[in-house]
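Let us walk through this model together, one piece at a time. Have the sequence and the 3D view ready as you read.

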Amino acid sequence: MTLQTTTYLVVGLTFAIYIGIAIWARASTTKDFYIAGGGVHPVANGMATAADWMSAASFISMAGLIAFMGYGGSVFLMGWTGGYVLLAMLLAPYLRKFGKFTVPEFIGERYYSKGARVVAVICLIVASVTYVIGQMKGIGVAFSRFLEVQYELGLMIGMAIVFIYAVLGGMKGITYTQIAQYCVLIFAYTIPAIFISLNLTGNPIPQLGLGSMMSGSEVYLLDRLDQVVQDLGFAQYTTSARLSLTNMFMYTMSLMIGTAGLPHVIIRFFTVPKVKDARSSAGWALVFIAILYTTAPAVAAMARLNLMSTIEPVSGEYMVYEKRPNWFRNWEKTGLLVYEDKNDDGLVQYSADPATNEMVTIDRDIMVLANPEIARLPNWVIALVAAGGLAAALSTAAGLLLAISSAISHDLLKGIFKPDITEQQELLASRIAMAGAILLAGYLGFNPPDFAAGTVALAFGLAASSIFPVLMMGIFSKRMNKEGAIAGMVAGLGVTLLYVFQHKGIMFIASTAYMGDMPQNWFMGIEPNAFGAVGAIVNFAVAFAVSRVTSPPPEHIQHLVEDIRVPHGAMGAIDH
Amino acid sequence: MSKNKSYWSGNLRLVALCLAIWFVVSFGFGIILVEPMNKISIGGYKLGFWFAQQGSIYIFVALIFFYANRMGKLDREHDVHEDKSE
């Protein structure tokens, strides 16, 4: 069977499973649609959260980023996992106790203000829409590379699949498909890693292989890698920081706080039956995430080493271009791998010096996608990677779309404009909002705006500087009032946007960057992507100061805060 | 209400302990102290590098389950758990 046929078969099979689940898990009430009926087992919810969280970026791009950044790539590993500790201890159990459907709903009630709710809806929609664009692109790219269909057609197939299970099943359909998608993506990620680790080190567990000696030699894999990259003039793999340690600190902090503040992750914890389930479910989510996140650094280092030793098998002996392997030819066709014979010797010389380096382009996304081919693994493994990439993108897109559509139908329509609609009308409205959100995401996938590349960082910045602080203060400070919360959100958001725009351009149009994207102009050497943590600090400080000089929240709000702090009585609170 | 007060302060103490560990293993060992930590090796891993790319994640997982477990006990000690009848 050819690779093409195998890929169609594997991807087709996974899609059939997702549609089967959609038909089985239809939503019949708004509670089903928004929070899957509130009866999801904590381990199942953990698995669904892991799929929801791990996007096309985690699956395809992260290991590639680490492969070329080495130690500096640790910011993503720690940042995108450490946020779950904050979530489990500072937000999830209390928001579950509060027992409503959406994040803006909590903000609106806790701060007794429709204005605060609207500000929260806007933050949520901006953060989620920017995030969903990346997923749509991921779906289109995965289709066009692996199934060799047009990008547009691929995107349409992806939209159709999400449409079926998200519109039909809401959170209930999404949760159960996400569980299936998690299984697909984790197999797809770990199987190649196990094979490669076994090849290189003889140890089948990648996490241990990374710290082992190379097969048949007395040299540790990481020492060899350090040696190889330094010989070519690159920075040492295990110690090369990203810009500076201060910057790494702030970037990691921003990603952690941002992770804990992303609404599509938070709402997953509304689906479990009890407060104590919300606590343990965050732990299970992180277990399932950690399986991929601790494998990724091994994939990164091993892929980099494999790439290097293909191009330059022995130091000073280069690969003959005419004898390049098949995967090299395949990826050249896509333009993601570009060779230029600068000294006309027909050999491939790869080095850190741009004047002599002949590997002009090595797109970092190749590292995961081409990894099984580089390691000469069988076709079914390559097909599995295609299905895994699609599962990662689809599951995250669905979770984001649910957060967007429930903010529109529940917070804006039911909460503000038409409070008197019946449940059946709201359910219909939420389905229409979901369909609308899918069409919008698809439109943005067809016509990605110029600023798309910078926007995922913006989503984390927004969540870190606006949503996380306001939620945390709502639980941990009884004294925090409406004025403080709104001032804090506006200040945190304002500072973050101002900093990003002044260095990256207003709405990411580079020519409007009035301070230029120049590291010497950066505040304390902090890159714009890493500024969410500063925004969060500003938010906390402003909110604290404003709340001290304005009147305390009304009595019943203080009782509400006392009530969400204790688990007892959560069962009754869930029904509206 | 004083019962709930001591429950809440017990929770805050537990959160503070967990977040202190969370901070030390990631920001401490993985970033601020990475250079001195890297002088120590376990197997082929430099220790600072290991904490940044492996160890901190394992400890995060353990921390959440530790917290969930201890909070479950605290809920029962202060009789605020969810299984009790209204």
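Start with a short helix, α6(A), whose buried residues are Val103(A), Pro104(A), Glu105(A), Phe106(A), Ile107(A), Gly108(A) and Arg110(A). Here "buried" means that 20 or more other C-beta atoms, placed from the backbone, lie within 10 Å of the residue's own C-beta. Helix α6 of chain A covers residues 103-110, and seven of its eight residues are buried, which leaves it mostly covered. After α6(A) comes Tyr112(A), which has a positive phi near 40 degrees.

A word on reading the model: it is predicted, so local features need pLDDT of at least 70 and side-chain atom pairs count only at pLDDT 80 or more, while totals for chains, interfaces and linings use all residues. Residues are numbered from 1 along each chain as its sequence is written, and chains are lettered from A and ligands numbered from 1 in the order in which they are written.

Now step back to the whole of chain A. It has 23 helices and four strands, taken as DSSP runs (H or I of at least four residues for helices, E of at least two for strands) numbered from the N terminus. Its radius of gyration is 24 Å, which agrees with the value near 25 Å for a compact globule of 576 residues; the radius is taken over C-alpha atoms, and the globule rule is 2.2 Å times the number of residues to the power 0.38. Of these 576 residues, 57% count as buried.

Next, find two helices that cross: α7 (residues 114-146) and α18 (residues 423-446) of chain A, whose axes come within 9 Å and cross at roughly 65 degrees. The axes are lines fitted to C-alpha atoms over the stretch in contact, with angles from 0 to 180 degrees between N-to-C directions. Where they meet, Val132(A), Ile133(A), Met136(A), Lys137(A) and Gly140(A) in α7(A) face Ala441(A), Gly442(A), Leu444(A) and Gly445(A) in α18(A); two residues are in contact if their C-beta atoms lie within 7 Å.

Two of these residues, Val132(A) and Ala441(A), are also among those that Leu401(A) touches, leaving aside residues up to four places away in sequence. Others in that list include Val162(A), Ala166(A) and Met434(A).

Finally, look at where chain A meets chain B. The contact takes 44 residues from chain A and 37 residues from chain B. On the side of chain A, α13(A) gives the largest share, with 12 residues.

Terms used:
Buried ≥ 20, exposed ≤ 12 C-beta atoms within 10 Å, placed from the backbone.
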